[in-house]
Amino acid sequence: MASFEVIGGKPLKGEIVPQGAKNEALQILCAVLLTEEPVTISNIPDIRDVNKLIELLRDMGVKVGKLASDTYRFQADAVNLDYLDTPEFIAQAGALRGSVMILGPMLARFGRCQLPKPGGDKIGRRPMDTHFLGLEKLGGKLTLEGLDFYRIKAENGLTGAYMMLDEASVTGTANILMAASLAKGTTTIYNAACEPYLQQLCKMLVRMGANINGIGSNLLTIEGVERLGGTDHRMLPDMIEIGSFIGLAAMTGSEITIKDCQIPELGIIPDTFRKLGIQLEFRGDDIHIPAQDHYEIATYLDGSILTVSDHTWPGFTPDLLSIVLVVATQAKGTVLIHQKMFESRLFFVDKLIDMGAQVILCDPHRATVIGLDQQKRLHGITMTSPDIRAGVALLIAALSAEGRSVIENVEQIDRGYQHIDRRLTALGAQIRRL
């Protein structure tokens, strides 16, 4: 198990380019299964979860050609359905949360799919009911084997249907959307997710020949088509990386410019960091964060304590709440962090408390942070990364802290952040992979 040794307390400086969006990549890559024609995808992040999904597609029979460091061409004209019955497939798919999104494309194009319960971060309950309920409404027949293996078939094809999702699940919406693109008739998805990742998938499918209306809203209408063709697609920069770098700059008192951010796609992320007192300058499509030795958390108009909570898009993404919490530990003021969507995602605050932060974990969903206003620095400790986002939050804390920190289990961080140690070292960070 690899570790990072971090020597903190040093300001950083320079420019950094965000990787392609991980959460978009997992959807877009699965969509190549919808057509037998070539699909070329660029700005693919070189991270563990994405590479594992590409490997899974290749082993399923998809032709994969690497055209550049971040660009691949895929052609799913000889998918091997028998591979789904092998122990190798079960092991691969079971280790990767993103594998769930092969269900919709495989069911729509080949009439069947099966999947072990997918893995991923241990951040709380992540039920798959939305996926299966939606696919069943389109005509899929689900069979459960125990509690951890799913088979779904559509021997007579899929037929469009009206559905109101029980939750605005991004991956659930993606799965249903991909299946509906090849279903007969009209599908209406109400309470659909509308994150930029999902909008990107919609736009890609439209270029492939799909008929989708309502893109960017929570009401999608899909007129099924008989077949989809190939296309070229470029992924957005990762909004979670962008938010992480904003937090890193503030926490370490650094001057950093984040390049090519696609700022209109960031929603309320910049304004949320501004509420923590962080100065941001938009320079074209770049975000410049000047060095600050002090930042103050805003209050509500009546003077009451600010709450930062997650919500489905266009609300604040849950993937950045860990970063906000860490950044608040060195701000002036107090903030309540309310993690509504996952009940285990705040279970890294004990490490921050050990580093000297003033954080009260109220319950599994809420934490109150009393900022130290840079008057008392965090100190380095040895800790373990519990999940991707908490891992990077702890890395930011370690880079701001006095002394030496060791972060274990950094394979978690590698699943979501591309060569993060090398990229931050280029800004002046002292990080060594052990």
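**View 1. Leu 306 and its neighbour across the strands.** In this predicted model, Leu 306 stands opposite Val 335, a residue of strand 18. A second facing pair is formed by Ser 309 and His 338, the latter again in strand 18. Strand 17 and strand 18 (residues 334-338) run parallel, and four bridges join them. As a reminder, strands of a sheet pair through backbone hydrogen bonds, either parallel or antiparallel.

**View 2. The two faces of strand 17.** Which side chains of strand 17 are buried? Leu 306 and Val 308 are, and they point to one face. Thr 307 and Ser 309 point to the other face and are not buried. This fits a handy rule: in a regular strand the side chains alternate between the two faces of the sheet.

**View 3. The whole sheet.** Step back and follow the four strands of this open sheet, in the order 17-18-20-19, with mixed pairing. Strand 17 (306-309) and strand 19 (358-363) each have a single partner strand, so they stand at the edges and one side of each is left without a neighbour in the sheet. From one strand to the next, the twist averages 20°.

**View 4. A helix on the sheet.** Helix 10 (residues 321-328) packs on the sheet, where it touches strand 17, strand 18 and strand 20 (366-370). Compare the directions of helix 10 and strand 18: they make an angle of about 160°.

**View 5. Asp 319 in its loop.** Look for Asp 319 in the loop between strand 17 and helix 10. Is Asp 319 buried or exposed? Its relative accessible area is 11%, so Asp 319 counts as buried, the cut-off being under 20%. The side chain of Asp 319 makes a polar contact with the side chain of Arg 345, at 2.6 Å. Leaving aside residues up to four places away in sequence, Asp 319 touches Asn 23, Ile 240, Arg 345 and Arg 389.

**View 6. Where two domains meet.** The protein is divided into domain 1 (3-19 + 237-433) and domain 2 (22-234). Their C-alpha centres lie 31 Å apart. How many residues take part in the contact? Domain 1 gives 24 residues and domain 2 gives 22 residues. The size of an interface is often given as the accessible area lost when the parts come together. Here, domain 1 and domain 2 bury about 2,000 Å² between them, with 48% of it on carbon and sulfur atoms. Three residues to pick out are Trp 313, Phe 342 and Arg 415: they supply 30% of the area that domain 1 buries against domain 2, more than any other three residues.

Definitions and conventions
Residues numbered from 1 in each chain as written. Predicted model: local features only at pLDDT ≥ 70, side-chain atom pairs only at ≥ 80, totals over all residues. Heavy atoms only, no water. Pairing = 2+ DSSP bridges. Axes fitted to C-alpha atoms, helices over the stretch in contact; angles between N-to-C directions. Contact = heavy atoms within 4.5 Å. Buried < 20%, exposed > 50% of the residue type's maximum accessible area, 1.4 Å probe, protein only. Polar contact = N/O pair within 3.5 Å; in protein donor to acceptor, adjacent residues only side chain to side chain. Domains from an automatic or database assignment. Buried area = accessible area lost by both parts, 1.4 Å probe.
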